Amino acid sequence: MERLNQTSSVSEFILLGLSSRPEDQKPLFVLFLTTYLVTITGNLLIILAICSDPQLQTPMYFFLSFLSFTDICFTTTIVPKMLVNFLSEKKTISYAGCLTQMYFLYALGNSDSCLLAVMAFDRYVAICDPFHYITTMSHHHCVLLVAFSCSFSHLHSLLHTLLLNLLTFCDSSVIYHFLCDINPLLKLSCSSTFVNEIVIMTEGSVVLVTPFLCITFSYIQILITILKIPSAAGKRKAFSTCGSHLTVVTLFYGSVFYEYLHPLSSYTIKDRGVTLVYTVLTSMLNPFIYSLRNKDMKRGLGKLACSRKP
């Protein structure tokens, strides 16, 4: 009981956000409201186009629709609370609300990571083993891959949330961030964070790096296979199916690795900008990246737009 009382001594946290200057709050509200609406609209259009076009009923677009759905949920976990805080003088979040936000932040963020690895595997099979593509990437296998990606990510997030809930938060309740991320929360704790840091640097690193290694291995094999294609047109066609995915992978993992693969002691306020890249910017850009460089997606979106006309 004493431990519980200590842990709950902080009933809420204060999220400082991106800026503490009053004159910045309304412009930031307009900027992130616009970003949020673009993100929701863009990803919903991707999902609707894939669901409504029979020619897009393939494993690659099946995974893309789930990636878009995850991005919608991921952004909704973060941005609405930011928008409320921009217009509030008291920028608070409850203790339970903070842990809930952190749980979904990691569950959905790692689901994105796993889905990107699954999409890389799909491209690997399509290019390196096309004769077995239909059997390897059957609908049953695709559903299992998506189910594993989501369930595994939620278990990983649950572990870190439960460990964080064991810590004691005493006097300081100011989070120098716009969301409840694990690093700024650990810095607020007045109890030992040794176990949390060890788990982050071991289990956390494995969970983060493993999908990236799968992506890297897949693209090494893809590159080797493409280089063996005799015609330049054939090489361009093969590369074109991977360009959008590689762009998203670079944007997502570049910011995530910078954010989490460094010691807690080196965490600074500047890391908030990096967090924006993989939490908000990537989710907004994904629909543009996958549609602007993809003829099938453009056709699907065009058919969707025509079907909505009276």
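**Cavities, pockets and buried residues: what the terms rest on**

Reader: What volume does the second largest cavity have, and what makes a space a cavity rather than a pocket?

Author: The second largest cavity has a volume of about 70 Å³. On a 1 Å grid over the protein atoms alone, a cavity is a set of points where a 1.4 Å probe fits but cannot get out, whereas a pocket is an open set with protein on both sides within 12 Å along at least five of seven lines; lining residues have an atom within 4 Å of a point. The volume is the space filled by probe spheres set on the points, which are joined across faces, edges and corners. A search of the whole structure finds two cavities of 30 Å³ or more.

Reader: What kind of model is this, and which residues and atoms count?

Author: This is a predicted model, in which local features need pLDDT of at least 70 and side-chain atom pairs count only at pLDDT 80 or more, while totals for chains, interfaces and linings use all residues. Residues are numbered from 1 along each chain as its sequence is written, and side-chain values use heavy atoms, with hydrogens and water left out.

Reader: Which residues line the second largest cavity, and why is Gly17 counted as polar there?

Author: Its lining consists of Leu15, Leu16, Gly17, Leu18, Gln25, Met82, Asn85, Phe86, Lys91, His177 and Phe178. Ala, Val, Leu, Ile, Met, Phe, Trp, Tyr, Cys and Pro count as nonpolar, Asp, Glu, Lys and Arg as charged, and the others, Gly among them, as polar, so Gly17 falls in the polar class. The totals for this lining are six nonpolar, four polar and one charged. Helix α3 gives the most, with three residues; helices (H or I, at least four residues) and strands (E, at least two) are DSSP runs, numbered from the N terminus.

Reader: How do the linings of the two largest pockets break down by class?

Author: The largest pocket holds about 520 Å³ of space, and its lining has eight nonpolar, six polar and six charged residues. Of its 20 lining residues, Met60, Tyr61, Ser240, Thr241 and Asn294 lie nearest the centre, and α9 contributes the largest share, five residues. The second largest pocket holds about 290 Å³, and its lining has eleven nonpolar, three polar and no charged residues. Its largest share, six residues, comes from α8, and the residues nearest its centre are Ala117, Phe148, Thr210, Pro211 and Cys214.

Reader: Why is Thr77 called buried or exposed?

Author: Buried means under 20% relative accessible area, exposed over 50% and partly exposed in between (1.4 Å probe, protein chains only). Thr77, in helix α3, has a value of 19% and therefore counts as buried. Beyond four places in sequence, Thr77 is in contact (heavy atoms within 4.5 Å) with Gln101, Phe104, Leu105 and Leu108.

Reader: What about Leu105, and how far from Ile78 does Leu105 lie?

Author: Leu105, in helix α4, is buried because its relative accessible area is 4%. Its C-alpha atom lies 7.7 Å from that of Ile78, although 27 residues separate the two in sequence. Once neighbours within four places are set aside, Leu105 contacts Phe74, Thr77, Ile78, Leu179, Cys180, Asp181 and Thr279.

Reader: How do you know that Asp181 and Tyr106 make a polar contact?

Author: A polar contact is a pair of N or O atoms within 3.5 Å; within protein, one must be able to donate a hydrogen and the other to accept it, and residues adjacent in sequence count only if both atoms are side-chain atoms. The contact between the side chains of Asp181 and Tyr106 is 2.3 Å. Asp181 stands in the loop between β3 (174-175) and α7 (182-188), and counts as buried because its relative accessible area is 0%.

Reader: Why are Pro22 and Glu89 placed in their accessibility class?

Author: Pro22, in helix α2, is exposed because its relative accessible area is 67%. Glu89, in the loop between α3 and β2 (92-94), has a relative accessibility of 84% and so is exposed too.

Reader: What makes a set of residues a nonpolar core?

Author: The set must consist of buried Ala, Val, Leu, Ile, Met, Phe, Trp, Tyr and Cys residues joined through side-chain atoms within 4.5 Å. The largest such core here has 77 residues, and Phe13, Leu64 and Leu116 touch the most other members. Helix α4 (residues 95-128) supplies the largest share of this core, 15 residues. Among the residues that Leu116 contacts beyond four places in sequence are Leu67, Ile215, Val248 and Phe252.
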